[in-house]
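Welcome, and please take a moment to turn the model around before reading on. The paragraphs below will lead you through it step by step.

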Amino acid sequence: MTISQLPRKDLFDLPEGVIYLDGNSLGPLPKSVPARLNEVVTTEWGKSLIRGWNDAKWMEQPARVGNLVARLIGAPEGSVVMGDTLSIKVYQALASALEMRPERKVVLTDSGNFPTDIYMAQGLIRSLAQGHELRIAAPEEVMDMIDDSIAAVMLTEVDYRSGRRHDMMTITEKAHKAGAVMIWDLAHSAGAVPLNVAETNCEFAVGCTYKYLNGGPGAPAFIYVRPDIVNQARPALSGWMGHDAPFAFHMDYQPANNIERMRVGTPPVLQMSALEEALKVWDGVDMADIRTASIKLSEQFIAEVEAQCPQLTLASPREPDLRGSQVSFAFENGFAVMQALIARGVIGDFRAPDIIRFGFTPLYLDSGDISAAVTVLREVLESESWKDPTYQQRAGTVT
Ligand SMILES: *Cc1c(COP(=O)(O)O)cnc(C)c1O
């Protein structure tokens with residue numbers, strides 16, 4: 001695979017007339033998924049019934065799919081497991097991290113983190129009732145706020161609003177020097193930027209698979225635990241699937257001696273099967289090629305928007321190295337503009353209060369798509385067609 005072989009549009013089922021700049025929120029459908037899902041439902045479930053756990057290897061699926069994700073995030077075989085949603089994985093990672101530093105009481109995060117990560121930390125701290133404190137720094141102040149009071153640093157690499165990217169190596173190093181445990185959320189990184197989780201040396205990494213990994217709505221999340229500390233990471237959600245011997249049905253919990261201890265309950269086999277099939281689009285793909293192409297597309301987008309749409313203000317870092325694979329612009333009536341764009345087949349998303357956000361996924365986008373999208377954006381702004389009352393209604397809209 002070389003960059004000249006991107007995009008791989010033929011592997012995706014993209015609707016006619018749509019330019020999809022929202023693969024960072026929900027990746028599109030890989031073409032081979034429906035047939036695979038049909039087979040899982042009709043043959044594996046329909047014919048194998050309960051035997052599917054063994055015959056179709058459903059029980060091993062969370063670890064097997066974990067290995068596919070491991071390759072994409074630079075983690076070794078056997079260090080990643082799938083299940084639940086990202087909110088749950090954030091909770092698990094943080095709970096284990098806090099148990100590893102019982103003498104410390106501070107969790108450090110930043111205001112660029114996605115709210116659910118912060119909410120989960122708040123809920124965990126309340127349940128623990130051990131006097132923990134959540135410190136929320138500004139993203140650019142994180143480095144200065146790391147000191148030896150911190151039990152865990154919990155950050156998302158790529159900011160969901162601006163695309164601003166943290167330096168995982170430098171921050172992890174500083175956290176470790178201060179004696180803190182490092183947790184990275186890779187929700188907007190996995191499948192978007194080259195990652196080397198092993199090299200960063202962080203203890204935990206978590207992420208979702210329905211964004212750049214195209215696993216479909218509700219696809220299971222992943223959790224990585226650094227192999228040398230996996231037996232120190234005590235699972236707070238001590239479900240039977242993380243037990244050393246789930247089918248021995250012991251009365252006492254004994255976690256598995258490997259990453260499978262981060263499993264909780266019965267895996268979502270249908271969702272996991274959709275994801276396992278979807279991950280085939282990465283066969284032979286080098287993340288370095290994806291990154292090169294993604295920077296090219298986003299630089300083109302910024303240049304064309306700034307030349308044609310003076311009404312908008314860039315809300316992402318201008319330096320490509322400091323961005324993930326998305327670009328945001330600020331505009332006071334951003335919500336209505338995005339509704340007008342979506343009505344014209346250019347799908348991105350809006351983030352309150354005024355951000356319109358576009359994701360660049362070189363697997364199925366090329367420079368022609370970018371120019372076409374910018375033309376539509378210019379037309380919407382020039383004609384002010386976003387002022388149409390139908391684009392102002394927010395009630396019940398998932399943005
Ligand atoms: C998308 C996203 C989530 C979503 O969590 P779910 O439990 O899968 O709904 C969490 N954290 C971050 C940083 C995200 O970008």
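Thr-172 is found in helix α7. In this predicted model, its relative accessibility is 1%, so Thr-172 counts as buried. The side chain of Thr-172 does not point at nothing: it reaches the backbone oxygen of Met-168 at a distance of 2.5 Å. Another residue to find is Gln-92, whose place is in helix α4. With a relative accessibility of 1%, Gln-92 counts as buried. If you look for Lys-296 from there, you will have to travel: the two residues are 204 apart in sequence, and their C-alpha atoms are 37 Å apart in space.

Now let us visit the ligand. The residues around the ligand include Thr-85, Leu-86, Ser-87, Phe-114, Asp-185, His-188, Tyr-210 and Lys-211. Sorted by character, the residues of this shell are four nonpolar, five polar and three charged. Several contacts involve oxygen atoms of the ligand. Tyr-210 places a polar side-chain atom 2.6 Å from a ligand oxygen, and Thr-85 has a polar side-chain atom 3.0 Å from an oxygen of the ligand. Leu-86 takes part through its backbone, with an N or O atom 3.3 Å from a ligand oxygen. How much of the ligand does the protein bury? Taken alone the ligand exposes 390 Å², and the protein buries 86% of that. Two elements, α4 (86-100) and α5 (115-128), each give two or more residues to the shell.

Phe-114, one of the residues around the ligand, is a good bridge to the aromatic rings. A pair of aromatic rings is described by the distance of the centres and the angle of the planes. The whole structure holds eleven aromatic pairs. In one of them, the ring centres of Phe-114 and Tyr-160 are 5.0 Å apart and the planes stand at 80°, so the pair is edge-to-face. Phe-114 belongs to the loop between β3 (106-110) and α5, while Tyr-160 belongs to the loop between β5 (150-156) and α7 (168-177), so the pair ties together parts that are 46 residues apart in sequence. Are these two partners buried or exposed? Phe-114 counts as partly exposed at 33% relative accessibility, whereas Tyr-160, at 9%, counts as buried. Phe-114 has a further neighbour: the charged end of Lys-211 sits over its ring, 5.5 Å from the centre.

Other rings are worth finding too. Phe-247 and Phe-249 make an edge-to-face pair, with 5.8 Å from centre to centre and 90° between the planes. Phe-249 counts as exposed, because its relative accessibility is 54%. Phe-301, Phe-329, Phe-358 and Phe-360 join in one aromatic cluster. At Phe-335, the charged end of Arg-394 sits over the ring, 4.4 Å from its centre.

Finally, let us follow the backbone. Most residues other than glycine have a negative phi, and most peptide bonds are trans. Asp-84, in the loop between β2 (80-83) and α4, has a positive phi of about 60°. Asn-201, in the loop between α8 (197-200) and β7 (204-207), also has a positive phi, near 75°. The peptide bond from Leu-6 to Pro-7 is cis, with omega near -5°, and Pro-7 is in the segment before β1 (19-20). Ala-352 and Pro-353 are joined by a cis peptide bond as well, with omega about 5°; Pro-353 is in the loop between β12 (349-351) and β13 (355-359).

Note on methods
Residues are numbered from 1 along each chain as its sequence is written. This is a predicted model: local features need pLDDT of at least 70, side-chain atom pairs count only at pLDDT 80 or more; totals for chains, interfaces and linings use all residues. Side-chain values use heavy atoms; hydrogens and water are left out. A residue is near a molecule or strand if one of its heavy atoms lies within 4 Å of it. A polar contact is a pair of N or O atoms within 3.5 Å; within protein, one must be able to donate a hydrogen and the other to accept it, and residues adjacent in sequence count only if both atoms are side-chain atoms. Accessible areas come from the Shrake-Rupley method with a 1.4 Å probe; for residues, only the protein chains shown count as cover. Helices (H or I, at least four residues) and strands (E, at least two) are DSSP runs, numbered from the N terminus. Ala, Val, Leu, Ile, Met, Phe, Trp, Tyr, Cys and Pro count as nonpolar, Asp, Glu, Lys and Arg as charged, and the others, Gly among them, as polar. Rings of Phe, Tyr and Trp (its six-membered ring) pair if their centres lie within 6.5 Å; planes under 30 degrees apart count as stacked, over 60 as edge-to-face and the rest as tilted. Buried means under 20% relative accessible area, exposed over 50%, partly exposed in between (1.4 Å probe, protein chains only). A charge sits over a ring if NZ of Lys or CZ of Arg is within 6 Å of the ring centre and within 35 degrees of the ring normal.
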